[in-house]
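Thank you all for coming; I would like to take a few minutes to walk through one model with you. Please have a look at the sequence and the structure first, and then I will go on.

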Amino acid sequence: MNDIIMLPGLGGSGESHWQTLWERQDPSIRRFQPSSWDRPMLTDWIGALEREIATSKTPPILIAHSLACQLIAHWAPIGKAAILGAFLVAPPEPTGEIYLAEAGSFAHPPRQRLSFPTQLVASTDDPFCSLDYARDSAEIWGSAFVDIGPRGHINGASGLGDWPEGKAIFERFRAELR
């Protein structure tokens, strides 16, 4: 059994977010802890990710939402720790009409193939990311791509609850990593 590390985006995934609900259902899932969820600094988040991975007994699987997808893209070329794979959900588009102003240091993540297996899940009506950008990111990063239709930013505001569809997609991805 591999460790699972949850990586929320800006704001830390609130009480109704599927990431928080998955953590409550599975106490073996750990959440990484940067200094600030609301004033993210890339170097701090990279350090927090490295520290959390270092506590794993085996290479972990990362589950990233939104800004944390960009964190993984920035971390991958410089990261010193091994991971088994990354499940990437709703990456924000740095050049889109809406970008997370508080997260300027995360903009323009490296656009290169990631050295570990990844699955990228996107919505057709995400206000922070066009489907074309999500598809392009999946292709560049070497990610398997899943379009789940109109689900907004795939967050608490999307009304997904614990997002059973996402859990099934994740479990299929996880099974392929073994």
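Among contacts in the protein chain between residues at least 6 apart in sequence, what percentage join residues at least 24 apart? The figure is 73% of those contacts, and I should say at once that what you have in front of you is a predicted model.

Let me turn to the overall architecture. The protein chain contains 5 helices and 6 strands, and if you follow the sequence from its beginning, these elements come in the order β-α-β-α-β-α-β-β-α-β-α. The radius of gyration is 15 Å, close to the 16 Å that the globule rule gives for 178 residues, so the chain is as compact as a globular protein of that length. Taken along the principal axes, the box that the C-alpha atoms fill is roughly 40 × 30 × 30 Å.

On burial and surface, 56% of the 178 residues count as buried, while the accessible surface of the chain amounts to about 7,900 Å², with 53% of that area belonging to carbon and sulfur atoms. As for charge, there are 15 positive and 21 negative side chains, and the centres of these two sets are 7 Å apart.

I would now like to spend a little time on helix H4, which spans residues 131-141. Which residues of H4 are buried? They are Leu-131, Tyr-133, Ala-134, Ser-137, Ala-138 and Trp-141, and because they cover an arc of only 160° around the axis, they sit on the same side of H4. As a general reminder, an α-helix has 3.6 residues a turn, so residues three or four places apart point the same way. Asp-132 and Glu-139, by contrast, are exposed on the other side of H4. The cover over the buried residues of H4 includes helix H3 (67-75) together with the strands E4 (85-89), E5 (118-122) and E6 (144-147). Just after H4 comes Gly-142, whose phi is positive, at about 80°.

Finally, a word on Arg-172, which belongs to helix H5, residues 164-177. Is Arg-172 buried or exposed? Its relative accessible area is 52%, and because the cut-off for exposed is over 50%, Arg-172 counts as exposed. Between Arg-172 and Glu-102, which are 70 residues apart along the chain, the separation of the C-alpha atoms is 34 Å.

How values were computed. Residues are numbered from 1 along each chain as its sequence is written. Side-chain values use heavy atoms; hydrogens and water are left out. Helices (H or I, at least four residues) and strands (E, at least two) are DSSP runs, numbered from the N terminus. The radius of gyration is taken over C-alpha atoms; the globule rule is 2.2 Å times the number of residues to the power 0.38. Buried means under 20% relative accessible area, exposed over 50%, partly exposed in between (1.4 Å probe, protein chains only). Contact means heavy atoms within 4.5 Å. Accessible areas come from the Shrake-Rupley method with a 1.4 Å probe; for residues, only the protein chains shown count as cover. Lys and Arg count as positive and Asp and Glu as negative; His and the chain ends are not counted. The place of a charge is taken as NZ of Lys, CZ of Arg, CG of Asp or CD of Glu. The arc is that of the directions from the helix axis to the C-beta atoms.
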